[in-house]
Amino acid sequence: MDFKSVSFVGSFPNEAKCPDSGWPEFAFIGRSNVGKSSLINMLTNQKDLAKVSGTPGKTRQINFFAIDEQWYLVDLPGYGYAVASKKAKANYERIIEDYLLRREKLMCAIVLLDSRHDLQAIDLEFINWLGSNHVPFVIVFTKYDKLRKTEREVNIDRIKASLLESWNSLPPCFITSSKNRHGKEEFLQFISETLENFYSHS
Ligand code: GTP
Ligand code: MG
């Protein structure tokens with residue numbers, strides 16, 4: 001899947017202010033610093049399209065990127081940013097939840113999990129929230145390059161096993177590295193099939 005055009009549309013403080021073009025959207029969500037913005041850059045072959053930072057809490061608004069003037073990638077603020085005040089956290093949560101519950105053309109949420117760590121309580125809580133609210137989602141494991149060869153299967157299997165303690169089955173899962181571009185084609189294939197499905201039914 002090759003993109004002909006990629007452009008930053010804007011940053012929006014809440015769902016009501018987001019563009020209403022009728023184009024389908026894919027939204028990246030996950031803990032602060034998990035690699036959402038890096039993944040968007042990797043998928044679109046851009047260096048600085050989405051702002052990346054070693055400091056968590058970089059993405060604070062809802063960022064829209066238009067692809068081929070047909071669909072959007074959406075970069076959401078991270079959840080679980082430890083340093084943020086209680087009030088700020090509640091504010092981010094509201095932004096994220098409103099967005100996910102209200103967007104009519106949201107194809108799915110793309111939940112990013114760091115492949116190095118065990119499943120965190122906050123991730124499970126968020127995934128369960130998606131389930132209870134019937135928001136479709138897929139899982140993307142990030143930072144795969146940071147795992148040693150011997151850890152790779154074991155780590156991902158451990159996270160999946162933790163999820164299967166709460167869920168009967170798993171959604172589609174993708175393993176990625178924004179550094180060495182692992183998993184790019186497979187994930188873009190999923191996007192391409194979802195879009196084909198959308199357009200053939202609309
Ligand atoms: P917030 O906007 O703060 O919520 O963070 P984010 O989820 O958008 O993370 P971001 O893409 O800014 O990446 C956070 C840090 O992880 C940066 O230092 C990235 O360079 C690094 N990083 C992201 N993805 C990868 C990856 O696949 N491999 C490696 N080695 N580093 C990565
Ligand atoms: Mg970000």
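**Exercise 1. The surroundings of Lys-36**

List the residues with which Lys-36 is in contact, leaving aside its neighbours within four places in sequence, and state whether Lys-36 is buried and whether it has a salt bridge.

Solution.
- Step 1. The contacts (heavy atoms within 4.5 Å) of Lys-36 are with Phe-28, Ile-29, Gly-30, Arg-31, Asp-75, Leu-76, Pro-77, Gly-78 and Leu-112.
- Step 2. Lys-36 belongs to helix H1, which covers residues 36-44. Helices (H or I, at least four residues) and strands (E, at least two) are DSSP runs, numbered from the N terminus.
- Step 3. Lys-36 is buried, that is, under 20% relative accessible area, with exposed meaning over 50% and partly exposed in between (1.4 Å probe, protein chains only).
- Step 4. Lys-36 has no salt bridge, a term that requires a side-chain nitrogen of Lys or Arg within 4 Å of a carboxyl oxygen of Asp or Glu. The nearest side chain of opposite charge belongs to Asp-75, 5.8 Å away; Lys and Arg count as positive, Asp and Glu as negative, and His and the chain ends are not counted.

Conventions. The model is predicted, so local features need pLDDT of at least 70 and side-chain atom pairs pLDDT 80 or more, while totals for chains, interfaces and linings use all residues. Residues are numbered from 1 along each chain as its sequence is written, chains are lettered from A and ligands numbered from 1 in the order in which they are written, and side-chain values use heavy atoms, without hydrogens and water.

**Exercise 2. Arg-103 and its partners**

Which residues does Arg-103 touch, not counting residues up to four places away in sequence, and which residues are linked with Arg-103 in a network of salt bridges?

Solution.
- Step 1. Arg-103 is placed in the loop between H2 and strand S5 (106-114). Its relative accessible area is 11%, so Arg-103 is buried.
- Step 2. The residues touched by Arg-103 are Glu-15, Cys-18, Pro-19, Glu-25 and Phe-64.
- Step 3. Arg-103 and Glu-25 form a salt bridge through their side chains, at 2.8 Å from N to O. Glu-25 is in strand S2 (residues 25-30) and Arg-103 in the loop between H2 and S5, so this pair ties together parts 78 residues apart in sequence.
- Step 4. Glu-25 has 2% relative accessibility and therefore counts as buried.
- Step 5. The network of salt bridges links Glu-15, Glu-25 and Arg-103.
- Step 6. For a separation along the chain, take Ser-7: Arg-103 is 96 residues from Ser-7, and their C-alpha atoms are separated by 20 Å.

**Exercise 3. Two further salt bridges**

How many salt bridges does a search of the whole structure find, and are Arg-116 and Arg-148 buried, partly exposed or exposed?

Solution.
- Step 1. The search finds seven salt bridges.
- Step 2. One of them joins the side chains of Arg-116 and Asp-114, at 2.7 Å from N to O. Arg-116 is partly exposed at 29% relative accessibility, whereas Asp-114 is buried at 6%.
- Step 3. Another pairs Arg-148 with Glu-151, with the closest N and O atoms 3.4 Å apart. Arg-148 is exposed, at a relative accessible area of 58%, and Glu-151 is partly exposed, at 23%.

**Exercise 4. A pocket and a cavity**

Which residues line the second largest pocket, and which line the second largest cavity?

Solution.
- Step 1. Both terms rest on a 1 Å grid over the protein atoms alone: in a cavity a 1.4 Å probe fits but cannot get out, and a pocket is an open set of points with protein on both sides within 12 Å along at least five of seven lines; lining residues have an atom within 4 Å of a point. Points are joined across faces, edges and corners, and the volume is that filled by probe spheres set on them.
- Step 2. The second largest pocket holds about 170 Å³ of space. Its lining consists of Tyr-79, Glu-93, Ile-96, Glu-97, Ile-122, Glu-125, Phe-126 and Trp-129. Helix H2 (86-102) and helix H3 (121-132) are the elements that give two or more residues to this lining; H3 provides the largest share, four residues.
- Step 3. By residue class, this pocket lining has five nonpolar, no polar and three charged members. Ala, Val, Leu, Ile, Met, Phe, Trp, Tyr, Cys and Pro count as nonpolar, Asp, Glu, Lys and Arg as charged, and the others, Gly among them, as polar.
- Step 4. The whole structure has two cavities of 30 Å³ or more. The second largest cavity contains about 30 Å³ of space and is lined by Arg-31, Leu-113, Asp-114, His-117, Asp-118, Leu-119, Gln-120, Asp-123 and Ile-159. This cavity lining divides into three nonpolar, two polar and four charged residues.
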